[in-house]
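Student: Hi! I would like to take a close look at one part of a protein and then see how the rest fits around it. Could you walk me through it?

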Amino acid sequence: MIIKVRENLEMRVREATPENAEESYNIIDKNRNYLREYLPWADGTELSGHLVTLEKWQKACEDKNEFVFGICLDGKYIGNIGLHDVKSNNNSAMIGYWLSEDWQGKGIMTDCVKALANFGFYELDLNRIWISCAFENKKSRAIPERLGFVQEGIFQDGTILHGVYHDYVIYGVVKRNWGK
């Protein structure tokens with residue numbers, strides 16, 4: 001599955017191949033110090049587990065309960081975005097994302113989140129999409145704010161990273177309020 005975002009930017013479900021697993025691992029490894037600030041899984045990422053992760057995501061996509069896409073700019077993999085925890089009983093899902101530090105500040109993730117929300121609302125017929133970000137992560141928080149998501153609350157000590165609790169901000173939008 002491929003979602004075209006811009007002329008040279010697309011999101012694609014990545015096939016579970018050793019080459020794709022190695023490519024994912026290399027980008028994460030290059031960005032590990034940057035990613036670990038807000039993503040607890042970054043420290044535990046090893047090459048040996050990536051193929052299994054890609055297989056899991058491919059199966060979840062087939063089962064329509066999770067959609068994880070590689071973000072590709074000019075055919076080069078630069079990050080991930082996913083529609084997670086897809087709930088058919090209440091038509092909701094959560095968007096999670098990360099992008100290689102080299103490609104930040106170019107509107108890539110904002111455009112990808114917008115495209116994924118459109119996919120969720122108009123292809124999957126979801127009613128509600130939400131995003132959670134560490135309170136201190138201003139770059140990540142700017143994306144839902146820019147796209148018209150509403151801050152719905154703050155989970156005090158919502159996550160623990162490297163032995164320190166962090167508040168999480170929850171943003172949400174419902175289909176009737178989505179601006180496309």
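Student: Does aspartate 85 count as buried, partly exposed or exposed, and what is its relative accessibility?

Tutor: Happy to help! Keep in mind that this is a predicted model. Aspartate 85 has a relative accessibility of 41%. Buried means under 20% and exposed means over 50%, so aspartate 85 counts as partly exposed.

Let us look at the backbone there too. Aspartate 85 sits in strand S4, and its phi is positive, at about 55°, although the residue is not a glycine. Now follow the chain to asparagine 91, in the loop between S4 and S5. Asparagine 91 is not a glycine either, and its phi is also positive, at about 55°. With a relative accessibility of 33%, asparagine 91 counts as partly exposed.

Further along comes serine 100, in the loop between S5 and H3. Here the picture is one of burial: serine 100 has 3% relative accessibility, so it counts as buried. If we leave aside its neighbours within four places in sequence, serine 100 is in contact with Ile27, Asn31 and Ile78.

What do the strands around these places contribute to the interior? Strand S4 (76-87) and strand S5 (92-99) are among the elements that give two or more residues to the largest nonpolar core. That core has 38 residues, and those with the most contacts inside it are Met11, Ile71, Ile81, Ile95 and Val113. Strand S1 (2-6), strand S2 (9-12), strand S3 (67-73), helix H3 (108-123), strand S6 (128-134) and strand S8 (164-174) also give two or more residues each. The largest share, 9 residues, comes from H3. Apart from this core lies another one, of 5 residues, including Ile27, Leu35, Tyr77 and Trp98. Ile27 is a name you have already met, as one of the contacts of serine 100. There is a general pattern to remember here: in soluble globular proteins, nonpolar side chains tend to be buried together.

One more residue is worth a visit. Leucine 161 belongs to strand S7 (residues 150-161), and with 3% relative accessibility it counts as buried. Leucine 161 and leucine 39 are 122 residues apart in sequence, yet their C-alpha atoms are 7.7 Å apart in space.

Now step back to the protein chain as a whole. The chain has 4 helices and 8 strands, and from the N terminus on they run β-β-α-α-β-β-β-α-β-α-β-β. Of the contacts with a separation of 6 or more, 58% are between residues 24 or more positions apart. Buried residues make up 46% of the 180 residues. A compact globule with 180 residues would have a radius of gyration near 16 Å, and the protein chain agrees with that, at 16 Å. Along the principal axes, its C-alpha atoms fill a box of roughly 40 × 40 × 30 Å.

Finally, look at the outside and the charges. The accessible surface of the protein chain comes to about 9,600 Å², and carbon and sulfur atoms account for 47% of that surface. The chain carries 22 positive and 26 negative charges, and the mean positions of these two sets are 6 Å apart. To return to where you began, aspartate 85 is a partly exposed residue in strand S4.

Note on methods. Residues numbered from 1 in each chain as written. Predicted model: local features only at pLDDT ≥ 70, side-chain atom pairs only at ≥ 80, totals over all residues. Heavy atoms only, no water. Rg over C-alpha atoms; globule rule 2.2 N^0.38 Å. Buried < 20%, exposed > 50% of the residue type's maximum accessible area, 1.4 Å probe, protein only. Contact = heavy atoms within 4.5 Å. Areas by Shrake-Rupley, 256 points an atom, 1.4 Å probe, with all protein chains shown as cover. Lys, Arg positive; Asp, Glu negative; His and termini not counted. Charge placed at Lys NZ, Arg CZ, Asp CG, Glu CD. Core = buried A, V, L, I, M, F, W, Y, C linked by side-chain atoms within 4.5 Å.
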